[in-house]
Amino acid sequence: MTAYGPKPPALIGGAPPQEAAEQHEGAGHSEPRVVTRQEREAAVRSWLLLSAASASTSQTEWNREGIALLRCGALFGAVRMTADLVHAAAGSHEPGEVAGFLTAALFGGPTFFDQHSARYYALVPASTAARTEWREKRHSPAAESLGVGSYVGVPRPDLNGPHDGHFSYWCVPMHGPGDLCDPEAVSQLVAHGRHRLSTQGAVRGR
């Protein structure tokens with residue numbers, strides 16, 4: 001499937017080549033420098049903060065609370081999904097299994113979970129909200145697209161997996177600035193989850 005929006009090419013050491021490979025001066029036997037996880041997270045942090053009303057305020061919120069309110073519709077949008085829908089699609093409630101499912105289903109695209117509201121969020125290109133299925137609200141209320149005029153609480157880039165004291169965390173972290181989910185893959189995941197929910201409901205109703 002052709003990815004919609006910027007996707008990283010083949011990874012070197014878990015990071016896109018433009019981030020992972022900085023050649024040493026000189027020719028011939030130079031080797032790439034592998035960027036650390038902390039460096040990648042810093043790059044993602046800087047990119048996400050471009051959607052903050054105040055970068056310094058959002059940075060402070062991340063440092064204190066682990067979550068910052070960012071604007072949708074410019075650099076990215078988000079598809080918000082109920083936990084029931086995602087767990088039905090994954091066939092599991094276990095965080096590790098759900099994360100593995102999301103990684104495979106969305107080709108490594110970034111997703112996070114808000115435990116307080118029991119909602120999953122897939123970060124997608126800003127244009128996703130204009131797709132027919134979202135304009136017509138075909139998947140509502142189980143899933144909806146957030147675009148221009150919407151804000152979303154985004155966890156700090158280093159909060160990967162459940163953390164004590166933080167109710168929001170990344171199930172699948174961003175690999176680099178601008179690395180977003182394929183909108184078609186997100187729609188297919190939502191349709192799959194809705195089908196499994198309806199099937200489960202039919203079985204319970206017997």
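**Two cores and an open sheet**

Of the 24 residues in the largest nonpolar core of this predicted model, those that touch the most other members are Met81, Leu102, Leu106, Tyr120, Cys171 and Val186. Several elements contribute to this core: strands E2, E4 and E7, together with helix H4, helix H5 (95–105) and helix H7 (183–204), each supply at least two residues. The greatest contribution comes from H7, which gives four residues. A second, separate core comprises 20 residues, and Leu49, Ala52, Ala78 and Trp170 are among them. In soluble globular proteins, nonpolar side chains tend to be buried together.

Cys171 offers a view of the surroundings of one such core member. Leaving aside residues up to four places away in sequence, Cys171 touches Ala99, Leu102, Thr111, Phe112, Phe113 and Tyr120.

The sheet may be considered next. Five strands make up an open sheet with antiparallel pairing, in the order E5-E2-E4-E3-E7. Strand E5 (143–146) and strand E7 (168–172) stand at its edges; each has a single partner strand, so one side of each is left without a neighbour in the sheet. On average, and with direction ignored, neighbouring strands of this sheet are turned by 25° against each other.

Within the sheet, strand E2 (residues 77–82) and strand E4 (residues 119–124) run antiparallel and are joined by six bridges. Thr82 has Arg119 as its bridge partner in E4. Helix H4 (residues 83–90) packs on the sheet, where it touches E2, strand E3 (111–114) and E4, and its direction makes about 80° with that of E2.

How does E4 sit between its neighbours? Its residue Tyr121 has Arg80 standing opposite, and Phe112 likewise stands opposite Tyr121. The pairing of E3 with E4 is antiparallel and extends over four bridges. These two strands form a hairpin with four residues between them, and Ala118 in the turn has a positive phi of about 55°. Five of the six residues of E4 are buried, and E4 is therefore largely enclosed by the rest of the structure.

A further buried position is found in strand E6 (residues 151–155), where Pro155 lies. Because its relative accessibility is 0%, against a limit of under 20% for burial, Pro155 counts as buried. Not counting residues up to four places away in sequence, Pro155 touches Trp62, Gly66, Ile67, Phe112, Ser168, Tyr169 and Trp170. Phe112 is thus a contact of Pro155 as well as of Cys171, while Trp170 belongs to the second core. Pro155 and Leu69 are 86 residues apart in sequence, yet their C-alpha atoms are 8.9 Å apart in space.

Helix H2 (residues 37–48) completes the account. At 1.5 Å a residue, its 12 residues should span 16 Å, and the end C-alpha atoms are indeed 16 Å apart, which agrees. The buried residues of this helix are Arg40, Glu41, Val44, Trp47 and Leu48. Seen down the axis of H2, these buried residues fall within an arc of 120°, so they line one face of the helix.

Note on methods
Residues are numbered from 1 along each chain as its sequence is written. This is a predicted model: local features need pLDDT of at least 70, side-chain atom pairs count only at pLDDT 80 or more; totals for chains, interfaces and linings use all residues. Side-chain values use heavy atoms; hydrogens and water are left out. The expected span of a helix is 1.5 Å times one less than its number of residues. Buried means under 20% relative accessible area, exposed over 50%, partly exposed in between (1.4 Å probe, protein chains only). The arc is that of the directions from the helix axis to the C-beta atoms. Two strands pair if DSSP finds at least two bridges between them. Axes are lines fitted to C-alpha atoms, for helices over the stretch in contact, and angles run from 0 to 180 degrees between N-to-C directions. Contact means heavy atoms within 4.5 Å. A nonpolar core is a set of buried Ala, Val, Leu, Ile, Met, Phe, Trp, Tyr and Cys residues joined through side-chain atoms within 4.5 Å.
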